[in-house]
Amino acid sequence: MTMTKEEALKTYFGYDAFRGGQAEIVDALLAGRDALAIMPTGAGKSICYQVPALVLPGITLVISPLVSLMRDQVTQLVQMGVPAAFLNSTLTYRQYLLALSRAKEGRYKIIYVAPERLETEGFQAFAREAEISLVAVDEAHCISQWGQDFRPSYLGIPAFVDALPRRPVLGAFTATATPEVRDDIQHLLALESPQVVTTGSDRENLYFEVRHPTDKRAELLELVESRRGKCGIVYCATRKTVEEVCSFLRERGVDATRYHAGLEPEERQKNQEDFLYDRTAVMVATNAFGMGIDKSDVRYVIHYNMPKDVESYYQEAGRAGRDGAPSSCILLFSGQDVRTAEFLIDHSEPREELDQRTAEQLRERDLQRLRRMTGYCRTRRCLRQYILGYFGEQAPDYCGACYNCIHNFEEVEVGPEARAIIRCVAETGEHFGVNVIAEALCGAQTEKVRKYHMDQERSYGTLEAFTQKEVQERIRFLLDEGILVLSPGQYPVLRLGGRAEAVMEGGVSLRMRTVKETRPALARRTTAAELDGPAAELFGRLRALRASLARRQGVPAYVVFTDKTLRELALARPATMAQFRAVSGVGTAKAERYGEAFLAEIAAFETPWGG
Ligand code: ADP
Ligand code: ZN
């Protein structure tokens, strides 16, 4: 009994049509051609290999690095009636053997496996006997040293595939990949003239902004309070910061919880569920939070610290607005973030599996990526264009939906101020940081200025006409231009850079972009309509029903139905099973399992007097 790809999509997933890019990938894999798909988060990568897995004979292996994601995906597949299993380190040895023997009996269509497993003799023996039609490599960027999560065990995939009696078709999947990473995936995985599909990484409904606040806490509180009742994630660089920020928000009456690897598993689980089940609005977390979480109505993601690279940033920020409704991604930047990130790169745990030369190369690449991330925080260009450009995509220089686009910039000549700043740094012996130099130039009478007798210097007060903020802005510009540099270490001081001398000699034009005035944001096309009136009320009731069904089975709510499906149910208000089946996201297994409960709830809503 074979079915078409459309039948598989409808029967199991409850969807009527493939989305952009999906059909191309599915067709290629079904025709026996390798494929490489680069699709942003939420575009629907998993369907690209799950549908072929259902149509092809035999077994599909999905290689995935994320243990939590595997469990989640398998739970979702089983709910849809797809026989699936996972093999990873969370299973005991006995559980593993049991799962493997069931796999040998041909009980599963889809098996998720961690890359390390491929190297074990037991698994290889199984794979030689089994009929493996498709190998799907999820998070394929992990194979590249240029990527953000290099996993040496991914390099073993081609050898594993070569050792199989018959070469299965290979599919590689990733959300974002720079051109170098793309090349690596293709070559290191040894894809054979693959069908490459790139749907573009742009997320139209996301707004981007970078702020340089002097008081991050106050800034964060204001951002969160102005979004009361909406749900959001606040990412921090360290566990300690998560603790501090979460306590601070709670003290100020914000409904917040926390997540990081230092918490007991029970608490982590509970906090995560509180957020998923909408019992808590704000999640304060390290980057340990979010993998495999498909909460679609996250309205904002605020980064309290700058992440280590643009890949991480876009992945984390991209957890906002999966449902397509307008959402904000705001980064709170400070120079200290750069130094923390440098420190983390220099002091990261040595990875045993890497030889020294590789480790050194990785460190160099980490630093390069950090510089590009810092560039994002300082650029005056369109932020969306900066990110897309980083991933090798063309984008117009005006998006109309980022801070830099909706603020007008003007170019001002800053040569004279640059010379005053350089003179001041040189005169005071390259001993002071940005703030003290700005204070001295503005003629401020602060404790430090007095303590170090900076008011005795010739340059004291020479930029009196400017505010300290304006002087700091100019110093930052000189740093970006490499005319000044910051010393490494905990208390960085300003030093003269290579071009300082040329600037002092004059004749160099230095034009800085600075904010002029605000224009209103352009309304960007968004895909999800907000619900109102009765539909909103019904949506709320369906959510409550979903929560109780999910709780009873011990699965997250979105495993039952996604928000998008609930929204469609609330709008369509099906009265019969056939109408229920027609709603996007309702497959055969789920209709059988949940149809009655949802139809009853909708009927009760239609006839509040009792029918
Ligand atoms: P990714 O892995 O690319 O982040 P997912 O595979 O998790 O994305 O898909 C994101 C969401 O979109 C899921 O809820 C999925 O069920 C839904 N989806 C995927 N393909 C389709 C489709 N063809 N029609 C409707 N919904 C889809
Ligand atoms: Zn823009």
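# A quick tour of a predicted model

Lysine 104 is part of helix H5, which covers residues 93–104. Keep in mind as you look around that this is a predicted model. Two spots get most of our attention: a zinc ion, listed as ligand 2, held by four cysteine sulfur donors, and ligand 1, with 15 residues around it. After those, we'll drop in on a few single residues along the chain.

**The zinc site**

- Which atoms hold the zinc ion (ligand 2)? The protein donors are the SG atoms of Cys382, Cys399, Cys402 and Cys405, and they sit 2.3 to 2.4 Å from the ion.
- If you walk along the chain, these donors show up with the spacing C-x16-C-x2-C-x2-C.
- Why is the arrangement called tetrahedral? The four donor atoms around the zinc ion subtend angles of 102 to 118°, and a set of four donors earns that label if all angles lie between 85 and 135 degrees.
- For comparison, the ideal angle for four tetrahedral donors at a metal is 109.5 degrees.
- Cysteine 402 has a relative accessible area of 0%, so this donor residue counts as buried.
- Cysteine 405 is buried too, because its relative accessibility is 4% and the cut-off for buried is under 20%.

**Around ligand 1**

- Which residues come nearest to ligand 1? Out of the 15 around it, they are Tyr15, Ala17, Gly42, Lys45 and Ser46.
- Sorted by class, the shell is made of six nonpolar, six polar and three charged residues.
- Helix H3, running over residues 45–55, is the biggest giver to this shell, supplying three residues.
- The side chain of tyrosine 15 has an N or O atom 2.6 Å from an oxygen atom of ligand 1.
- With arginine 19, the side chain again takes part: one of its N or O atoms is 3.1 Å from a nitrogen atom of ligand 1.
- Glycine 44 uses its backbone, placing an N or O atom 3.1 Å from an oxygen atom of the ligand.
- How much of ligand 1 does the protein bury? Taken alone, the ligand exposes 570 Å², and the protein buries 81% of that.

**Two residues with a positive phi**

- Glutamate 139 isn't a glycine, yet its phi is positive, at about 50°.
- You'll find glutamate 139 in the loop between strand E5 (132–137) and helix H7 (157–162).
- Is glutamate 139 buried or exposed? Its relative accessibility is 17%, so it counts as buried.
- Histidine 453 is another non-glycine residue with a positive phi, this time near 55°.
- The loop that holds histidine 453 lies between helix H19 (447–451) and helix H20 (468–480).

**Buried residues with polar contacts**

- Serine 64 sits in the loop between strand E2 (59–63) and helix H4 (67–79).
- With a relative accessibility of just 1%, serine 64 is buried.
- What does the side chain of serine 64 reach? It reaches the backbone nitrogen of leucine 66, at 3.3 Å.
- Glutamate 209 belongs to strand E8, residues 206–211, and it is buried because its relative accessible area is 7%.
- The side chains of glutamate 209 and arginine 211 are joined by a polar contact of 2.8 Å.

**Out toward the solvent side of the scale**

- Back to lysine 104 in helix H5: this residue is exposed, because its relative accessible area of 56% passes the cut-off of over 50%.
- Lysine 104 and alanine 130 are 26 residues apart along the chain, while their C-alpha atoms are separated by 6.7 Å.
- Threonine 467 lies in the loop between H19 and H20, and at a relative accessible area of 43% it is partly exposed.
- From threonine 467 to glutamate 413 you count 54 residues in sequence, and the C-alpha to C-alpha distance is 17 Å.
- Arginine 499 is in the loop between strand E16 (494–496) and helix H21 (500–504).
- Arginine 499 has a relative accessible area of 36%, so it is partly exposed.
- Arginine 499 and glycine 482 are 17 residues apart in sequence, with 7.0 Å between their C-alpha atoms.

Notes:
Residues numbered from 1 in each chain as written. Chains lettered and ligands numbered in written order. Predicted model: local features only at pLDDT ≥ 70, side-chain atom pairs only at ≥ 80, totals over all residues. Heavy atoms only, no water. Donors = N, O, S within 2.8 Å, 3.2 Å for Na, K, Ca; no water. Tetrahedral: all angles 85-135°; square planar, octahedral: opposite > 155°, others 65-115°. Buried < 20%, exposed > 50% of the residue type's maximum accessible area, 1.4 Å probe, protein only. Near = heavy atom within 4 Å. Polar contact = N/O pair within 3.5 Å; in protein donor to acceptor, adjacent residues only side chain to side chain. Areas by Shrake-Rupley, 256 points an atom, 1.4 Å probe, with all protein chains shown as cover. Helix = DSSP H or I, 4+ residues; strand = E, 2+ residues; numbered from the N terminus. Nonpolar A, V, L, I, M, F, W, Y, C, P; charged D, E, K, R; others polar.
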